[in-house]
Structure formats: C-alpha cells, structure tokens
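Trainee: Please take a close look at the enclosed empty space in this model. I would like to know what surrounds it and how that part sits in the rest of the chain.

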Amino acid sequence: MPHPSDTGSVHGHSPSVSPAVQRVADTLRAGRTPACSPAELTAALRYLSDKARADAQHRARQEEGAQRFKAALRSSVQPPLLSGPRPVPAPRGTLPTPATPVSAPTVQAAVTSTLLALQAAKPHAHQAHIERALALAEARITARIRPRARHRARLTYRALVEATYTLIHARRHNAQAITSYCWFTVLDALPLATGLSTATCERATRDLRESGLLATWSDWTTTEFLNRETGEVFEKRARTGVWVCVLLTPRDGLNARIHPAELPRDDQGQLITHRDLTADRKAGHTAWQFRQEVRESLTHTVGNHSSQDLLHWSLPKTRQKSLVTRDSLTSHPTTDLAEFMMTAGPRELVEVLSALRTEFPQRRRDAVQAAGTALARVFNDQQSVRHYYRVLWRALQADLQGLRGLDTLQTEMHRVLIDMRELHIKHPGAMLTSRLKESDWWNAVYRAA
C-alpha cells in the first residue's frame, strides 16, 4: 500500500493527501497538538516538508524569471517567448521582403476606403464654413432685405449654403479658396429643404438675388407632354432647372454672378442641357414627385428638412440617394408596369389594369399605351388601338370622380375572355363594346368624358 505522501508531486504543485492527514497538517500549522495516530502524524509532517520544498522552488523560479526579464530590457534583446528555432536576422541596412507583395492598386484602394470611412464618420466636417458664410451674410441680409422677409431669406440662404458646401465636400474641392460656387438644381425642391411654401421660397430667392447673395440661370429644353383629353402626345418647351451661384464670402463690392461662358457647352458652342427631363419624368425623378413622397411618407416628421434634397441633380448617379422611400404610398414598383403588360397573358393583363390607379403619373402614359396595345391584340382588334387608349383613360378619369370605371371595365373584359374560351367569336372587340353599352358603362363613363 503506498504512503499517503506518495500520491502527489512536489514539482510545481502541492502534494495531494487524504482529508485526515490534511486536518492534522492544518492543526500543526496552527501550533496546536493534534489528536491522531502515529501514522497520520508522520504523514502530516512529510506533507508539510514537501510543501515547503515546493514553495521554495516556485519562489526561486519567479525570482529567476524576473532577473532574466530585467536583463532583457537592459540589453534590448527580446526574451524567447515561443519554443523553436530563432529566425535569422536580416543584414543591417536591408528591408525585409514581405511574403506576399502588395500591388499599388490594392494600396490605393485601401487608402481610398479609409478616407471615405473617415469622411463618413464626420458628416459635418464643413459646418464651420457654413457658420462663417451665414455670419458674413447677416449684415447684408439686415441692410438690404426688409425685416418681415429676413427670416425666410435666412432659411433659404442657409439651405443653399449647406447644399453648396456638401457638394464641394463631395467633389473634393478646396472650400478655403472658394468665394462663390455654381451648380445645377431644381428650385422647386426648396420647400423640402426649408419647410416653407413654394410661394414663400420664390419670394426669398428673389430677395437673395436682389441682395447679391444668389444668382440664377434657367436651363430649358423641349420635352413631350400628354393631352389628357385626347391622349395625344405633343412637344413643349419646359425648364429643366436652374444654375445657381451662391456667394459664400459676402463682402462689399462682391456679388454672386453667373458667367454664361463658364456653363457647359458642346463643340458648336451651344449650352448642354444638364438634365434629361423626359427620362426624369418617366422615372419619377422630379421635385413634384419628391414632395408627394415626403408628404405621403409614413416616417416623415414635421420639421425634418435636409439640404440634400437640392443635390439630386448635381451629384453623380452612383452617389445619389433616392428620395423614394419604401414606406411611401407612391414608391417605385419592383417591376415596370408597362413591360409587364406587354408580356402578360390575357387574364393577367385584365387583372393588372387596376394597378393603373397607383402608377406614377409620369409613367402612367406608357403603362396605358402598353395596356391598350396589349388589349387590342387580345381582343383581335389591332386596327382600333387608339380606341382602347381612350377607353382606359376615361375609365381612370371616372375613378377619380368616384365612379367604378375600371372595376366595371375589368368585369366585362373577364366575361368576354370566358366567352372567347368557350365559343368561337370572330369579333371579340365588338362584343366588349356591346357589353359595355348594355351595362350603361358607355353612357356613364365613355360618353360623359
């Protein structure tokens, strides 16, 4: 049978003993006489001796480690932290070669991403320039604008200055050396940035122009419009937006001014239209649509205005943040309605006609034309495409007046589609017109319009 003291090791750990021997050892350390057998007393004495030896060895190792550490600090030599062969030091004056060489584009991309992250972390890095411009303009606003109009002028000028410095910051221009800045926008979006009405913003911009803090240059183009009564498409000259010059460091003798020679021109010297108005109207990228979406947004709070609304026509396409929110009642659909109607089957085509009510006004014309062309094909009436255009437009107009124009039209179309599957009908378009006349839809909707 092994001795109780042989059950443990003294190399770095205390020897393990039985509970009876442990109690005897504790009694001896306390200076009292234990009541035990001679064997337990001998085992307790040996345990105490082994433990004292282990503690002494542990303290010696600690002192040796501390001395080695102090010696390493004095000689600037790193102590070996890991076991294994030591690396061969490189000759003095040579640079170590990395295992995987890093290319220049990778380094440039890393630097660019770091700069963008730093700029994103400081969205108000140009706030000091904004406050300086407002302070310099206060004297001119007080001297040249009547007291009742100063508040709206300050709000409008602040929105324009914030948008200007945001654009300067985005384009990486030096804000310190700029006294005035010219950029393109649509002033109809000013109510979104200031919280004022459209008429009040127009009066404020007029006051700012007269005081020399703002200069504007209108940009015009020819675009297509729709006659809602006849469905005809006609061209008309319209204003796409304005070039604005905002004075950022107002002082005596210095006014905002736009030089026509500095505006972008083509090879023939003609002004280049900065904005594709036709494409923006089809995509709903207009100031009127933005204002509708902000008004209908479920998360929009009163007083929450941003000068970013003025920059949607100046920032690059990749940096634009659309105002179309997911909680807006007029959000962009995931699928273009006109494209879907051109490829849908007869039943799906008739069912999706109700989506014309909520389609963007700028894209509704294309959707109605696509639906009319597809309906003429479904009802074998290709020679009367314009007739189906008028039917759909007048059904939509009746819905706006509170009549069930589209619902009744869809019901009758479904009936004709069922008859076409069950019977051989030579002229389904004529049958649809006859059904609409029988249901009084023709007189209440088509004739009334």
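Mentor: A cavity here is a set of grid points where a 1.4 Å probe fits but cannot get out, and its volume is the space filled by probe spheres set on those points. Rolling a probe the size of a water molecule over the atoms shows where empty space is left. The model is predicted, and what follows describes that model.

With a threshold of 30 Å³ or more, a search of the whole structure returns 1 cavity. The volume of the largest cavity is about 40 Å³. Its lining consists of H387, Y388, V391, G429, L432, T433, L436 and W442. By class, 5 of these residues are nonpolar and 3 are polar, while no charged residue takes part. G429 is in this lining, and Gly is counted as polar in this scheme.

Two helices matter for the wall. Helix 13 (385–400) and helix 15 (428–438) each contribute at least two residues to the lining. Helix 15 contributes the most, with 4 residues.

Now the surroundings, beginning with helix 15. This helix also holds R435. R435 counts as buried because its relative accessibility is 14%, and the limit for buried is under 20%. Leaving out residues up to four places away in sequence, R435 touches E412, R415, V416 and D419. R435 is not in the list of lining residues.

On the side of helix 13, look at what comes before it in the chain. The loop between helix 12 (361–378) and helix 13 contains N380. Most residues other than glycine have a negative phi. N380 departs from that pattern, with a positive phi near 55°. N380 is partly exposed, since its relative accessible area is 46%.

Helix 12 itself includes T373. At 30% relative accessibility, T373 is partly exposed. Beyond its neighbours within four places in sequence, T373 is in contact with V385 and Y389. Helix 13 spans 385–400, so these contacts of T373 in helix 12 fall on helix 13 by the numbering of helices as runs of residues. The C-alpha atoms of T373 and M342 are 8.0 Å apart, although 31 residues separate the two along the chain.

Y389 also appears in a nonpolar core. That core has 39 residues, L337, V378, Y389 and L392 among them, and is separate from the largest one.

The largest nonpolar core holds 45 residues, and those that touch the most other members are Y157, V161, Y165, W183, V246, L248 and L310. Its contributors with at least two residues each are helix 4 (127–144), helix 5 (150–170), strand 1 (180–185), helix 6 (190–194), helix 7 (198–211), strand 2 (214–226) and strand 3 (233–247). Helix 5 gives the most to this core, at 9 residues. As for L310, its contacts outside four places in sequence are A159, L160, A163, W183, F184, T185, V186, A189, L190 and A193.

The strands pair with one another. Strand 1 and strand 3 are antiparallel, with 6 bridges, and S180 has L247 of strand 3 as its bridge partner. Strand 2 and strand 3 also run antiparallel, joined by 13 bridges, with F225 opposite F234 of strand 3. The hairpin of strand 2 and strand 3 has 6 residues between the strands, and there G231 has a positive phi near 75°.

For contrast with the enclosed space, take an open one. The second largest pocket contains about 500 Å³ of space. Of its 25 lining residues, V186, L187, D188, R239 and G241 lie nearest the centre. Helix 6, helix 7, strand 2, strand 3, helix 8 (277–283) and helix 9 (287–296) each give two or more residues to that lining. The pocket lining divides into 11 nonpolar, 7 polar and 7 charged residues, whereas the cavity lining has no charged residue.

Finally, the chain as a whole. The chain has 16 helices and 3 strands. Buried residues make up 37% of its 449 residues. Among contacts with a separation of 6 or more, 67% join residues 24 or more positions apart.

Terms used:
Residues are numbered from 1 along each chain as its sequence is written. This is a predicted model: local features need pLDDT of at least 70, side-chain atom pairs count only at pLDDT 80 or more; totals for chains, interfaces and linings use all residues. Side-chain values use heavy atoms; hydrogens and water are left out. On a 1 Å grid over the protein atoms alone, a cavity is a set of points where a 1.4 Å probe fits but cannot get out, and a pocket is an open set with protein on both sides within 12 Å along at least five of seven lines; lining residues have an atom within 4 Å of a point. A nonpolar core is a set of buried Ala, Val, Leu, Ile, Met, Phe, Trp, Tyr and Cys residues joined through side-chain atoms within 4.5 Å. Buried means under 20% relative accessible area, exposed over 50%, partly exposed in between (1.4 Å probe, protein chains only). Contact means heavy atoms within 4.5 Å. Two strands pair if DSSP finds at least two bridges between them.
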